[in-house]
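Dear colleague,

Please find below the structure that I am handing over to you, with its sequence. A short account of the findings follows it.

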Amino acid sequence: SKLLLLARSKTRYGIMTTSCCPDNSWGSPLHVSHGTKSLDGARGELCQIGPSKDLEIYVSRPQGGGASQKALCVLTDVYGLQSRLFAICDKLAADLQLTVVALDTFRGETKDMHLDDFKEWLGSHPFERDISESAKDDKSAVYPVKEDIESCFEFLLDTYNINSSDVGVAGFCWGVWAMTKACEMKLFCCAV
C-alpha cells in the first residue's frame, strides 16, 4: 500500500533521510534528488524581488510562451528552493498552464544549516513582524513571511498582469503553516 511505501521510504539502512517525501514521490519525470539546488534541466528562472531585492523566487511559466492569466504562489518546506521543487513547479506550470512562483522565505538557508538552533531559526521567520516595545530594540534579522507573500503577490500582478482573483497558493510541509496564515490575508482565490 502507499502508506507502507511511505513508511519504508523514510528510512534507509535504519537512518532517517533528510526529506519527508521520497525522491520519486512525484513520479516520472521528477526523479530529482531533494536537497540540491541547480537550474540544470529546470525550465524556470531565479529572480530577486521585494523592497530590498533579497527575496529569491523561482518562476516557471507554461511551455510555448503563451500568456498565462492565472498564477500559483508556492510556499516551500524548510529546505527552501531546491532542484526537486523547481521540477515540481515546472510540472505544475506545464500541466495547469499557469505561472508558478516559489518563494525562498529562508533567504538561502535551510533546516540542515540549523540543526542545533532549528527552533530559534524558525523564529526568525514569523508570519508578521512583532511591533511590541521589546521587539523594537531587537536588531536581529527578522524576515516576516507575510511581507514576502505580499512581495510575491505584487510581483505576479505587476510583472504578468494577472488579475488578483486568479492567484492561488500552495504549501509544502512548513509552507502549509505559512499558507494557512496567508489565507487570513484574503489575497488568494484558493489554497492547496
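I begin with one residue, Cys152, which is buried, with a relative accessible area of 0%. Please keep in mind throughout that this is a predicted model.

Cys152 takes part in no disulfide. The cysteine sulfur nearest to that of Cys152 belongs to Cys73 and lies 3.6 Å away. A disulfide requires a pair of cysteine sulfur atoms within 2.5 Å, so the distance of 3.6 Å does not qualify.

A second cysteine, Cys89, also counts as buried, at 1% relative accessibility. Cys89 is in no disulfide either. For Cys89, too, the nearest cysteine sulfur is that of Cys73, here at 9.8 Å. These results agree with a search of the whole structure, which finds zero disulfides.

Turning to the overall fold, the protein contains six helices and seven strands. Along the sequence, these elements follow the pattern α-β-β-β-β-β-α-β-α-α-α-β-α. The pattern thus opens with a helix, continues with a run of strands, and ends with a helix.

As to contacts, those between residues at least 6 apart in sequence were examined, and 64% of them join residues at least 24 apart.

Finally, some totals for burial and surface. The protein has 192 residues, of which 40% are buried. Its accessible surface comes to about 10800 Å², and carbon and sulfur atoms account for 54% of that area.

Yours sincerely

Methods: Residues are numbered from 1 along each chain as its sequence is written. This is a predicted model: local features need pLDDT of at least 70, side-chain atom pairs count only at pLDDT 80 or more; totals for chains, interfaces and linings use all residues. Side-chain values use heavy atoms; hydrogens and water are left out. Helices (H or I, at least four residues) and strands (E, at least two) are DSSP runs, numbered from the N terminus. Buried means under 20% relative accessible area, exposed over 50%, partly exposed in between (1.4 Å probe, protein chains only). Contact means heavy atoms within 4.5 Å. Accessible areas come from the Shrake-Rupley method with a 1.4 Å probe; for residues, only the protein chains shown count as cover.
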